[in-house]
Amino acid sequence: MHINPLEKKWLYLAVGMVTLLVAAIVYTALEHNIHPPSHVETIDSAKLHLGGEFAEDKLGVTSQADGGVRVTLVAGRYGFYPRRIEVPAGRPVTFRIASMDVLHGVHVPMTNMSTMVVPGYVAQLTTVFPRPGEYPMLCNEYCGMGHDHMWSRLTVVSADNWHPGK
Ligand code: CUA
């Protein structure tokens, strides 16, 4: 089969551009540690309050022996509970989030903290917040009439000023 030389050039150009774009996506994903939060762990969403990790008195921020911080949250119409959490800057923060009702999403703008919270599953992700500041934790999956108002406050403080249990 004969291919016109000019057409061949455009073909190479197109394949080159596709390769370049795919390489850019893979590079940024690796560089910024972006990955799908596909943590497959099931839980009975209707029984969160009855005990275990997602019972009300177990929620919040705890310091871990490995130097990391764990944040346990329940997402429900319309908020992430507890409503205010405080984490240290520069330390790995592992979120574990379960929904008590419907599908929610949680997103902290200007950071890579973002995941869906699917009822029946524990959403887990680990990230580091480099800078202290006040951030909203927004719901980004439509979950009902109050969806627009579903947010909680995340405060990142310098590691020296951070005390567990807040
Ligand atoms: Cu929860 Cu939208």
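Which residue in S10 is the bridge partner of Arg84? In this predicted model, the bridge partner of Arg84 in S10 is Arg153. A further bridge joins Glu86 to Thr155 of S10. Strand S4 comprises residues 84-88 and strand S10 residues 151-157. The two strands run parallel and are paired over five bridges.

S4 and S10 belong to an open sheet of five strands, arranged in the order S4-S10-S9-S6-S7. Pairing within this sheet is mixed. The edges are occupied by S4 and by strand S7 (114-117). Each of these edge strands has a single partner strand, so one of its sides is without a neighbour in the sheet. From one strand to the next, the twist averages 20 degrees. Although S4 stands at an edge of the sheet, four of its five residues are buried. Burial is assigned under 20% relative accessible area, and on this count S4 is largely enclosed by the rest of the structure.

Outside the sheet, a nonpolar patch was identified on the surface. The patch is made by Leu6, Trp10, Leu13 and Met17 and covers about 460 Å². Of these residues, Met17 is located in helix H1, which spans residues 5-31. The relative accessibility of Met17 is 48%. Because the exposed class requires over 50%, Met17 is classed as partly exposed.

Technical notes
Residues numbered from 1 in each chain as written. Predicted model: local features only at pLDDT ≥ 70, side-chain atom pairs only at ≥ 80, totals over all residues. Heavy atoms only, no water. Patch = residues over 30% accessible without salt bridge, like charges linked within 9 Å, V, L, I, M, F, W, Y side chains within 5 Å. Areas by Shrake-Rupley, 256 points an atom, 1.4 Å probe, with all protein chains shown as cover. Salt bridge = Lys/Arg side-chain N within 4 Å of Asp/Glu carboxyl O. Buried < 20%, exposed > 50% of the residue type's maximum accessible area, 1.4 Å probe, protein only. Pairing = 2+ DSSP bridges. Axes fitted to C-alpha atoms, helices over the stretch in contact; angles between N-to-C directions.
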